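Visitor: Please take me through one part of this model closely, and explain how you read the cysteines around it.

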Amino acid sequence: MTKHRTAKITFAHINDTHSHFEPSSISLTLPTSTLDTETSVYASCGGFSRISSAVKEAKSHAYLKEREFMFLHAGDCFQGTLYFSLYKGLANAELLNAIGVEAMALGNHELDMGNGIVADFLDCTDFPMLVANWDLSQEDQSKPNTLRDKHNVYAYDANNDVGRYIVKDVDGEPVAIFGLAIENMAGIANPDPDTSFKNVVELSNKTIDAIHYNGINKIVILSHLGYERDLLLAKEVDGVAAIIGGHTHTMQGDFTNLGYGVTDEYAKVINGTCVVQAGCNALAMGQLELDFNADGTLASATGKNQLLLGRQFTVDATRTEHLDTDTHDRVKQFLTEQSNIRFCAKDPIIENILNMKYRPAVRKLQTQHIAEITEPLRHVRIPDRKGASQIAPLVVSSFVWKARELGFNVDFGIHNAGGVRASLNPGPITCADVSGKLLPFAIGLMVYQVKGKRVRQALEGAINNAIDNGVEGTGTGSFPYVADLKYTYRCCAEEGARIESLQVQQQGQWVDLDDNAVYSSVSSGYTATGKEGYSALLDYVVEPQAVNVTMAEAFEDYARDIKQLSAPTEKLISYIPCECAQVAAS
C-alpha cells in the first residue's frame, strides 16, 4: 500500500493572454488622499516581458519557502493582437516557451481556424497541452499535420475511456494534473469534425478514479471552462484539490484600491476544491500556494492575483503627459504598499526576442494609415436606446464588397456582433487598429448559398441565442448585423415568426426575400459554419467556399477604397425588444 505524505506547491498561472505580448496602458483610480487634484493615473501593465520576470521572482520565492513550483497557462493564447494576425501560433509558441510555461489547457480560440493550426503550434512548444476530454481517436490520419499521436497532447484515451494526465513530482510526492476544454467546442469554435469533446463531469470522474488506481491521491485540474462552470465542477466531482481556470477573464480578488472593485475572493473553496483564475490579456499573474494533506485533500489554499506594473505613471492613456515629481512619488509609494500590485522590470531575454523577430513588422503596420474616420463610430452588440452598432454594418459591407471584388456574385452579408471588438474614434485608422483592435480574430470569409427561409431562421436563431429568448444562449455576440439585407425582429412574437419585413436589396431596390429562392451570402467562417444560433445556415444548397481573405484584410481593403468612414445613414435593423414597445430601437 502506497504511503502518502503532505505536499506543498506554488502554482503561477495566467490565462486568456490573447497574444498580448506588449504591455497595456491601464487606468488606476486612486484614493483622493494620494492625489490632490487627479484621482486617476495611467500605468504600463503586463506583457510577456513582465510576466517572465514575475515568474522568475515567484519561483525563487517558492524555493526559499521550500515549496515546489509550476507555471501554468489555462488556455486562449491565440487571437487578440497584430502579433497573432501576422504570425498565428508560431509567435505564441516561441514566447510561451521563453517565459517558461510548463503546461497549457486548450482554449476555444485555439480552434478558431481548425485543428491544423493547433498541431503546428504544438510542434513548436516545449510544454504539453492538457485536454483530457478531447477525443482524437477518430482523427483522419491523412491530414497534413495530425494531433492524435503527438507526444505533447494529453487528450482522451479511448482505449481506457479516461483522460491522460501529467505527473508533477513535489518533493517525492506525485501530483496529477489533467486539462478540460469546453464540451460545446463545435458551437463556439471550429474544431475539425473528426474530433469531439467528452462530457467534463463524466470524464473527470473516470480520470480521477484512474489516477487513484495508479496510486496518486493529489489532483489538480487545468480548465478552460469558465469561472461559473469551474465552481459548479467543484461541486460535481470529488478528489480534486484545485481547479486553475480560464475563459471568462475573471480577475479574482479585491481591487477596489485601484478602482476595479471585487470579483469574488482569490482561491474560492467549494466542496474542498479551490478555484482560481487570473484575468486576461497578460495583465496579471496568479500565485496559488496549495498545500495537500497526506490523504490528498486540500489543507490550505492561499495566494493572490497581482497586476504587473512598470514604475512610470502618467496623466493620459498615451502615456506622454507625465506627473510632477512629487505626485509621481506619492503614487509610487501608495502602489508599493498594495499587495495586489507587483512592480516588474522587463525581462531583456523576452524583449530581445520581440525586437529581433516580431516587433518590426508590427510597428510597420501601426504607422500605415488606410482611411480617415470622420465621426465617432460606436459599437454595441445588441441595439439599445442609443441605437445599433455604427461600425458593424461597415464591417459587413466590407465583406460584401470584397467578395464581389473577387468575383463572387453575393446578394448580401451577415456577421455576428461579437466578431467586432471595438468602437472607433475620429481620425486616421491604421492596419494595426483593424487587425489588432477592431477585428482581431484572424478568421477567413466564406461564401455560401442557402434558401431564403434558412436566412430567416438563422437571423432569428442568432438573436434568440443572443438574448436567451426561449433558448439557453451562449452570449450576446451572436446578434446579426447585415449588408444589402434588412429585417425587423419582434421579441414577443411567436417563435419561428419573430423576423418580419425581411428584404434584400436588388438593383438598388428593396424587395421581399423569397423563402424558397436561393441566395448567396458572405460571412466569417465562424458564422457560415452555424455557430451560436446560426445552425440554419448549415442547410446550404451549395457548400460554403473559403474566400481566402480574413475579416481584417477585407475591411482594410474596403477602407482604403472608400477613404473615409462615416456612420451608416440607412437603417437596416429594427429590433423590438421583449418589452414589445411599438417603436423599434434603431
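Guide: In this predicted model, Thr488 has Ser574 in strand S32 as its bridge partner. That pairing belongs to a wider contact between two strands, since S26, which covers residues 485-490, runs parallel to S32 and is joined to it by 4 bridges. Strand S32 itself spans residues 573-576 and is covered on both faces, with Ile573 and Tyr575 buried on one side and Ser574 and Ile576 buried on the other. Ser574, the bridge partner of Thr488, is thus one of the buried residues of S32.

Beyond these two strands comes a covalent link, for a disulfide joins Cys491 to Cys578, with an S to S distance of 1.8 Å. The pair ties together distant parts of the chain, 87 residues apart: Cys491 lies in the loop between S26 and strand S27 (499-506), while Cys578 lies in the segment after S32. The link of Cys491 and Cys578 is right-handed, with 45° about the S-S bond. Its two ends differ in their surroundings, because Cys491 has a relative accessible area of 3% and is therefore buried, whereas Cys578, at 46%, is partly exposed.

The count of disulfides comes to 1, and two further cysteines show how the distance rule excludes a bond. With a cut-off of 2.5 Å between sulfur atoms, Cys124 cannot qualify, because the closest cysteine sulfur, in Cys77, is 12 Å from its own, too far for a bond. Cys124 is partly exposed, with a relative accessibility of 36%. The case of Cys280 follows the same reasoning, because its sulfur is 10 Å from the closest cysteine sulfur, which belongs to Cys45, and this too is too far for a bond. Cys280 has a relative accessible area of 18% and counts as buried, because the limit for that class is under 20%.

One more cysteine leads to a helix elsewhere in the chain: Cys431 is among the buried residues of helix H11. This helix, residues 431-438, is mostly covered, with 7 of its 8 residues buried. Alongside Cys431, the buried residues of H11 are Ala432, Asp433, Val434, Ser435, Gly436 and Leu438. Their cover includes both helices and strands: among the helices are H2 (82-87), H9 (348-366), H10 (392-405) and H14 (551-562), and among the strands are S21 (369-373) and S23 (427-430).

Technical notes:
Residues numbered from 1 in each chain as written. Predicted model: local features only at pLDDT ≥ 70, side-chain atom pairs only at ≥ 80, totals over all residues. Heavy atoms only, no water. Buried < 20%, exposed > 50% of the residue type's maximum accessible area, 1.4 Å probe, protein only. Pairing = 2+ DSSP bridges. Contact = heavy atoms within 4.5 Å.
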